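Open your viewer, switch to cartoon view and keep the selection tool at hand. We will make two stops, and at each one I will tell you what to pick.

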Amino acid sequence: MTEVPPAVRDGHRAPKAPAISFEFFPPKTEEMERNLWETISRLAPLAPNFVSVTYGAGGSTRERTHSTIARILAETSLTPAAHLTCVDAPCGDIDDVVTKYHEVGVRHIVALRGDPSSGLGGTYVPHPQGYRSSADLVAAIKRRHGDIEVTVSAYPEKHPESPSFDADVDMLKAKVDAGATRAITQFFFDNDLYFRYLDRVRARGIDIPIVPGILPVQNFKQAANFAKRTGASMPDWLAKKFEGLDDDPETRKLVAAAVAAGQVQKLAKHGVDTFHFYTMNRADLVFAISHLLGIRPHGAQKAA
Ligand code: FAD
């Protein structure tokens, strides 16, 4: 059906275990911060290739993203990747953010255009002195800091603003030509969508790893809402699995683990050997799914 994505090994694990990465969002409150650090402590021993920290809409989490990344660097052996968007900022401001990251030792950025500041569904208008697209941002990062690895987004169901799949894949090609060396996908629940997308991408001559982004469904309503906003489809079979469980978090968690484990195990069976988990800052499901993929703790943390 499709080719096997190239392996991305970190050299620590048994040869058969897939490589993984985790995504976190910067915490808003002290309690959320405690929760994030418990999550990081639990997941760090799984020795992910990297952990990424998102950048809030319009740079709203600029300081929090930076301090979360700085703490990861100071207190763990994890490799952080900082998300960065072009929204509402002149090029100079964005360049400063990148330079600060570089100074503290960050060598991996997830470079994005970002959502329109008028909100999802609005029209994207670049800042008059800003980067016009994600590809421009990738090129600027690589021009100034050739040693920073740049990851970008990819959309198996195409981005909601893309007029066609071809336009969407063209944008990915532009990002790769600008220097991106990995793409992480928007989450999806139907694996065929990913494989069909991979076929399109490879046919366009793009050969970087297209890492599937996996969203364990911690909360079905929230995930459905999220999917609607990002243009990802929510299959009926998935809705049925969570039917009647609104007030039953324990069963919901078991179902969520079974669904996500089934998804990654099927992807792995078809040769996928790298996964990115949208953790929503929670460890339990991601830890269990990683365990089912054959990943075992390694003691990656410097400090508890
Ligand atoms: P791009 O790859 O730049 O564009 C996606 C598609 O939209 C393109 O294929 C193109 O066809 C179309 N398009 C782009 N610009 C235009 C235009 N001007 N007119 C018409 N069509 C256009 N958002 C955040 O705010 N912070 C984050 O930390 C963050 N992390 C993300 C991580 C991942 C892995 C993913 C998949 C998404 C993330 N997002 C984040 C969401 C992302 O910012 C939005 O989806 C945004 O709308 C598009 O930015 P992009 O870089 O993904 O898209």
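A polar contact here is a pair of N or O atoms within 3.5 Å. Keep that cut-off in mind as you look around this model, which is predicted.

**First stop: the ligand**

Select the ligand and show the residues around it: there are 21 of them, and the closest are Ser134, Ser153, Tyr155, Ser162 and Lys175. Now pick out the side chain of Ser134, where a polar atom sits 2.4 Å from a ligand oxygen. Two histidines are worth adding to the view. In His159, a side-chain N or O atom is 2.8 Å from an oxygen atom of the ligand, while a polar side-chain atom of His83 lies 3.0 Å from a ligand oxygen. If you turn on surfaces, note that the protein covers 83% of the 970 Å² of accessible area that the ligand has on its own.

Which elements give two or more residues to the shell around the ligand? Colour β3 and α5 (165–177) to see them; α5 provides the largest share, four residues.

**Second stop: helix α3**

Next, select residues 91–104. This is α3, 14 residues reaching 20 Å from first C-alpha to last, close to the 20 Å expected. Show Cys91, Ile94, Asp95, Val97, Val98, Tyr101 and His102 as sticks: these are its buried residues. Look down the axis of α3 and you will find them within an arc of 155 degrees, so they line one face of the helix. To see what covers them, add α2 (62–75), β3 (80–85), β4 (108–112) and α4 (134–144), which are among the covering elements. Finish at Gly105, just after α3, which takes a positive phi of about 110 degrees.

Key:
Residues numbered from 1 in each chain as written. Predicted model: local features only at pLDDT ≥ 70, side-chain atom pairs only at ≥ 80, totals over all residues. Heavy atoms only, no water. Expected span 1.5 Å × (residues − 1). Buried < 20%, exposed > 50% of the residue type's maximum accessible area, 1.4 Å probe, protein only. Arc of directions from axis to C-beta. Contact = heavy atoms within 4.5 Å. Near = heavy atom within 4 Å. Polar contact = N/O pair within 3.5 Å; in protein donor to acceptor, adjacent residues only side chain to side chain. Areas by Shrake-Rupley, 256 points an atom, 1.4 Å probe, with all protein chains shown as cover.
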